[in-house]
Amino acid sequence: MKTLEDWLAHCEQLHPQTIELGLDRVRAVWQRMGVTLQAAVFTVAGTNGKGSTCAMLEAILLEAGFRTGVYTSPHLVRFEERCRVRGEPAGAADLIAGFAAVESVRGDISLTYFEFTTLAILHTLARAGLDAVVLEVGLGGRLDAVNIIDTDCAIITSIDIDHTALLGHTRDAIGLEKAGILRTGRPAVISDPVPPQSVIDRATEIGADLWLLGRDYHYSGDKQQWAWAGRGRRYAGLAYPALRGANQLINASGVLAALEALRPRLPVTAQAVRNGLALVELPGRFQVVPGQPALVLDVAHNPHAAAALALNLDAMGFYPTTHAVFGAMADKDVAPMLQRLDPLVDRWYFTDLSTARAASGAALQSAWQAQTQRKDATSAVFANPAEALRTAALQAQPTDRIVVFGSFYTVGGVLEHGIPRLHAGRPGADAAG
């Protein structure tokens with residue numbers, strides 16, 4: 001196995017199940033590897049807002065001069081996106097060394113793709129000489145592979161119903177799984193404005209240092225700027241984060257609370273906060289690409305995220321026609337997602353995706369037809385997201401907008417050759433970036 005692609009193919013074939021929650025196997029291999037993370041660790045769990053929280057933490061810490069690493073998943077286009085070191089995707093050679101380190105000690109222990117790749121990335125981060133590391137939980141928290149690392153500061157973002165077969169069917173059950181990342185005596189920042197009681201109870205039970213929005217930290221804002229206050233620090237006259245969307249102030253507030261909680265170890269200046277929030281980037285999270293028509297990319301893949309997308313689209317102003325390219329996994333609760341977007345979308349382009357876990361475009365179209373209230377809306381089915389986007393661009397007017405949303409595979413499928421720059425009436429899309 002010489003290339004990164006060779007290693008990823010190897011990881012995909014090792015384990016009979018795609019997901020097998022539990023820490024025994026992955027912890028055993030990690031201990032055999034004999035490496036440790038010396039950096040301050042932030043661990044981020046939640047249903048929505050994890051990616052934005054990780055990106056803002058990274059941006060501020062980098063602006064403050066700290067050598068920072070980040071692990072997020074999944075990726076949009078290239079695997080290297082999952083591991084960032086000092087602001088840049090990790091090099092393939094460093095990741096390959098991590099995969100080789102895992103393989104050399106795992107023996108007869110079978111690892112899932114996620115477990116194997118998590119260990120390889122943790123190895124990469126541990127050897128990078130970092131001051132701070134941000135780890136995003138893949139699924140849940142308590143039994144997620146990331147949780148083999150004892151965090152210095154846990155952050156739990158918004159909690160909603162998702163992955164019910166694995167995490168439970170109520171916010172309390174799901175919240176308890178997320179709360180598995182909390183540690184005794186360590187900060188536990190909860191940025192969900194109305195957290196499940198199970199999260200508060202778990203933090204109290206183990207003696208975590210609980211930071212609640214509205215009790216331990218607060219934010220306020222008007223149309224021009226916003227302010228934040230914590231236990232000991234205040235920021236006034238802050239510009240809005242560069243990430244768009246109505247929920248980003250909640251995410252940013254949790255980030256500032258986490259930074260205050262670890263201030264003795266990672267002191268951050270007000271200027272670093274301002275610069276980091278102004279410069280933060282995160283592809284695929286209500287990413288608006290200027291053009292004619294305008295293009296919106298959003299990995300909204302559960303009802304809670306779809307509701308936020310609908311609010312953000314509604315706030316964009318008037319567009320004569322909204323076209324939507326949509327693809328999703330088969331286990332997602334798509335009916336409420338379609339219901340939230342139905343009033344806003346005039347033309348649907350349902351797409352197949354390049355994974356066996358995906359719902360077919362035809363199945364998504366049927367789900368939409370079963371609940372739509374729109375007699376004037378149209379729909380069609382496509383083999384892949386790029387083809388769906390090409391057709392939407394061909395049919396759109398310059399003043400329209402096209403929304404590509406759903407799975408990471410949907411958004412990633414239109415980003416393979418860079419960010420599309422659309423021209424109405426033309427089937428192609430110029431790639432930039």
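**A three-stranded sheet, its helices and an enclosed cavity**

For a chain of 433 residues, a compact globule would be expected to have a radius of gyration near 22 Å, and the 21 Å found here agrees with that expectation. The model is a predicted one. Along the principal axes, its C-alpha trace spans about 60 × 55 × 40 Å. The chain contains 15 helices and 19 strands. The account below follows one sheet, the helices that pack on it, and a cavity.

The sheet is open and is built from three strands in the order 9-10-11, with antiparallel pairing. Strand 9 (218–221) and strand 11 (234–238) each have a single partner strand and stand at the edges, so one side of each is left without a neighbour in the sheet. On average, neighbouring strands of this sheet are turned by 10° against each other, direction ignored. In general, strands of a sheet pair through backbone hydrogen bonds, in either a parallel or an antiparallel manner.

The individual pairings can be followed residue by residue. Strand 10 (residues 226–229) is joined to strand 9 by four bridges in the antiparallel sense. Within strand 10, A227 stands opposite S220. Strand 10 also runs antiparallel to strand 11, to which three bridges join it. Here W226 has L238 of strand 11 as its bridge partner. Strand 10 and strand 11 form a hairpin, with four residues between them.

Which helices accompany this sheet? Helix 9 lies across strand 9, strand 10 and strand 11, and runs at about 35° to strand 10. Helix 10 (residues 270–279) also packs on the sheet, where it touches strand 10 and strand 11. The direction of helix 10 makes about 45° with that of strand 11.

A search of the whole structure for cavities of 30 Å³ or more finds one. The largest cavity has a volume of about 50 Å³. Its lining consists of R233, Y235, L256, L259, E260, R263, V268 and V273. Which element supplies the largest share of this lining? Helix 9 (residues 248–261) does so, with three residues. By class, the lining of the largest cavity comprises five nonpolar and three charged residues, with no polar residue.

Helix 9 thus links the two parts of this description: helix 9 lies across the three strands of the sheet, and helix 9 also gives the largest share of the lining of the largest cavity.

How values were computed: Residues numbered from 1 in each chain as written. Predicted model: local features only at pLDDT ≥ 70, side-chain atom pairs only at ≥ 80, totals over all residues. Heavy atoms only, no water. 1 Å grid on protein atoms, 1.4 Å probe; cavity = no way out; pocket = protein on both sides within 12 Å on 5 of 7 lines; lining within 4 Å. Points joined across faces, edges and corners; volume = space filled by probe spheres on them. Nonpolar A, V, L, I, M, F, W, Y, C, P; charged D, E, K, R; others polar. Pairing = 2+ DSSP bridges. Axes fitted to C-alpha atoms, helices over the stretch in contact; angles between N-to-C directions. Contact = heavy atoms within 4.5 Å. Rg over C-alpha atoms; globule rule 2.2 N^0.38 Å.
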